Each structure stands twice: as structure tokens, then as C-alpha cells.
Amino acid sequence: MWQAEVRVDLAAIRHNVRRLREAAPGAELMAVVKADGYGHGMVPVARAALAAGATWLGVCTVDEALRLRQAGITAPVLAWLLAPGAPAAAAIAAEVHVSAASAAQLEEFAAAAREAGRPAQVHLKLDTGLARGGATPVEWPALLEAAGKAQAGGEVEVVGVWSHLIHPGGLHPDTDHQIAEFRHGLASAERFGIRPRLRHLANSAGVLTRSDTHFELVRAGIALYGLSPVAGEDFGLRPAMTARGRVMLTKRVPAGQGVSYGHTYRTERESTLAVVPLGYGDGVPRAASSAGPVQLAGRRRAIAGRVCMDQFMIDCGDDPVAAGDVAVLFGPGDGGEPTADDWAETVGTINYEIVTRFGGSRVPRVYDHDE
């Protein structure tokens with residue numbers, strides 16, 4: 001019998017892909033499956049997303065991209081976070097697209113293409129204001145010049161030009177400025193003879209709230225997993241992950257009993273404590289100590305005391321709770337259980353972090369509706 005598990009509903013993933021395609025009907029859809037599919041499992045999510053109509057996959061590293069290839073996935077993949085010395089030749093040989101943000105990086109990809117014996121398929125990234133990856137508008141002409149020369153020499157094929165939005169959707173002057181900067185960068189690219197087949201700017205928020213960011217390709221990350229990029233809006237998305245554990249032990253304790261490390265929590269009266277075998281080693285934020293919401297025995301309760309590496313406790317008062325009962329940390333919310341958004345609000349973070357924390361942990365993932 002399972003002790004703790006993360007359940008991932010692949011039917012929800014497919015539903016979310018269809019919803020995103022409806023929101024951007026004129027564009028191809030890239031399913032972003034980096035960070036092990038935001039904790040949901042990169043390969044099963046990729047397969048479900050492609051089956052529902054996504055045409056591209058997005059990851060950060062070459063290793064992630066090659067894992068997809070090793071799993072037999074042949075769809076186009078873009079890897080966009082390659083530090084100097086990354087195995088670019090292996091990516092190019094596996095027909096993985098790479099992102100270039102500087103002339104020096106482009107030269108490295110050209111050298112890797114010569115090693116791989118085939119052109120590098122490159123997406124040039126323009127920094128339109130996020131001040132993260134991408135060439136600044138000042139650096140952009142040098143990158144375009146280098147790309148034009150490499151493309152003329154057959155070492156590079158410029159497939160795309162892209163950027164990333166700052167704000168989570170809606171009307172915002174920064175978004176308007178970014179769109180204008182992006183279009184200006186595209187016009188500059190054309191002057192250098194670069195006419196990419198794909199232009200992409202929209203992330204999940206852009207897909208759902210700004211049709212003027214769609215272009216030929218849109219990228220969906222958090223919305224793919226059914227979590228909204230915009231607070232207070234669900235957009236008809238369906239959360240895919242449920243995290244839960246079975247009560248390992250219950251015990252009656254007297255009033256005033258300190259619970260867990262440091263005794264930061266004390267019972268107000270004689271109570272039943274339930275021990276759940278999940279902790280920060282499994283993805284439960286330690287910041288959820290004495291706060292994290294959990295559904296147990298038909299009621300929402302809060303974690304009592306500090307979250308440990310492997311377990312946490314719940315004060316159940318006089319309610320009948322027994323070993324083997326299921327404690328649900330978060331899920332879609334259909335049965336009154338907390339959601340990833342509830343957890344994010346409780347610990348002062350974002351829903352992205354809550355689900356991603358459970359990736360690669362000791363807790364097994366179980367897939368529902370796997371076609």
C-alpha cells in the first residue's frame with residue numbers, strides 16, 4: 001500500500017492543451033516541460049501534450065532535451081539555457097533547437113555545428129525588458145550580423161526570434177513596450193536578411209490574455225499544468241497534480257503539549273495528533289510550519305509545528321482520525337481540498353514553486369488517464 005504519492009492527471013494536461021489552443025488558434029503551441037515538467041514528469045507530460053495538439057516542446061538544458069529524445073520523442077524541442085561549454089554539438093546532432101543571445105554564443109553554436117556535421121537550428125533571443133536572457137537592443141545588431149554570416153555559411157539556420165514577457169497577463173504599459181521592442185527587433189532582423197519562420201513572445205499569460213503577443217508560436221508553461229498565471233482567473237484550466245500521504249501514526253496528547261522541533265506549537269487542549277510521512281525532503285515547504293493547509297477526515301486543518309525533513313504533524317482535536325487515513329495537501333479543489341494556489345498564498349510564493357518542489361523527490365508519481 002502506498003505511503004505518500006503525487007498523482008498526475010494526464011487527462012487534465014490534454015484538456016489544458018486544448019484550452020490553450022483555443023486561446024491562440026492561429027499559432028503553434030510549445031509545451032514547456034522543463035524542470036521535469038514542473039514536477040509532473042517531463043516525458044509523460046510531453047507525450048500527453050503532443051497527443052492533444054502541442055507541436056513543440058520547450059526545456060532549459062541540453063540534458064533535458066536529450067532525455068526527451070532518448071524517450072523516443074521526435075517533436076521539435078527548443079533548449080534555451082546553455083552556458084559556455086554546454087554540449088551543444090550533442091544537441092545539434094539530436095536536432096534540438098538552441099537559443100542564442102550573443103554573437104559569442106552564436107559562434108560557439110557554429111563551431112558545434114561543424115562538429116556535429118549539420119547546421120545548428122537557432123532561435124535568436126531579444127531582451128525586450130525582462131533583463132534576463134537575450135541580447136539587449138544595443139547588442140541586437142551584432143547578434144543579427146553574426147547570425148546572418150553564420151547562416152550564409154551554412155553553419156546556422158535561424159528558425160526563430162523570441163523574447164519573454166515581464167508581467168503575468170492583462171493590460172500593462174510594460175507589455176505594450178515589449179511588443180513594440182519585439183516588432184522593432186524583427187524589423188532589424190529583416191534588414192540583416194533574417195526572416196525567421198517562427199516568432200514567439202507569448203508565455204502562458206500572453207496566450208490567455210494578450211492575443212497581440214501570439215505570432216506564429218506561443219509557449220505555455222504553468223497553464224499546461226492547470227495552474228493560472230493570473231491571480232483570481234482560472235481560464236477553464238484543470239490542475240493536474242494532487243499530493244497526498246497516509247497518516248502513519250496517531251496519538252493522544254495532553255493540553256499544552258509541544259509539537260515538533262522547538263515546540264513552536266502547543267496543543268490548547270487534549271488532542272489527537274496525526275503524523276503524516278511527508279516533509280521538506282519530499283517538497284513540503286518548511287515555511288508551511290504551523291500553517292500549511294491539509295484536508296484530513298473531511299476537514300481542512302493546518303500543519304501543527306515545524307515541518308520536518310520526512311514528516312509533519314496535524315492537531316485533530318477530538319475528531320476521529322486513524323492510521324491509514326489519507327491527508328491531501330493539495331489537488332484540483334473539487335472535494336474541498338486545498339489547492340496549489342492555497343499553499344502558495346500560505347507560504348508567500350507562487351503556484352509554480354509548490355508543484356515543482358515535488359519533482360524528483362522520494363514520493364512516487366502515479367499517472368491517471370494515461371493513453
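Helices (H or I, at least four residues) and strands (E, at least two) are DSSP runs, numbered from the N terminus. The model is a predicted one, in which local features need pLDDT of at least 70 and side-chain atom pairs count only at pLDDT 80 or more, while totals for chains, interfaces and linings use all residues. Residues are numbered from 1 along each chain as its sequence is written, and side-chain values use heavy atoms, with hydrogens and water left out.

The secondary structure of the chain consists of 11 helices and 19 strands. Its C-alpha trace spans about 80 × 40 × 40 Å along the principal axes. Of the 371 residues, 52% count as buried, where buried means under 20% relative accessible area, exposed over 50% and partly exposed in between (1.4 Å probe, protein chains only). The exposed area of the chain is about 15,400 Å², and carbon and sulfur atoms supply 50% of it; accessible areas come from the Shrake-Rupley method with a 1.4 Å probe, and for residues only the protein chains shown count as cover. Among contacts (heavy atoms within 4.5 Å) with a separation of 6 or more, 66% are between residues 24 or more positions apart.

Positive side chains number 36 and negative ones 41, and the centres of the two sets lie 2 Å apart. Lys and Arg count as positive and Asp and Glu as negative, whereas His and the chain ends are not counted. The place of a charge is taken as NZ of Lys, CZ of Arg, CG of Asp or CD of Glu.

Asn16 lies in helix α1 (residues 10-23) and counts as buried because its relative accessibility is 0%. A polar atom of the Asn16 side chain lies 2.8 Å from the backbone nitrogen of Arg238. Apart from neighbours within four places in sequence, Asn16 is in contact with Ala223, Leu224, Tyr225, Gly226, Leu237 and Arg238.

In helix α4 (residues 62-70), the buried residues are Val62, Glu64, Ala65, Leu66, Leu68 and Arg69. The elements covering these residues include α2, α3 (42-51), β3 (56-59), β4 (77-79) and α5 (88-93). Gly72, just after α4, has a positive phi of about 90 degrees.

Positive phi values also occur at residues other than glycine. Tyr38, in helix α2 (residues 34-38), has a positive phi of about 50 degrees; at 8% relative accessibility, Tyr38 counts as buried. His369, in the segment after β19 (365-368), has a positive phi near 55 degrees.

Conventions. Polar contact = N/O pair within 3.5 Å; in protein donor to acceptor, adjacent residues only side chain to side chain.
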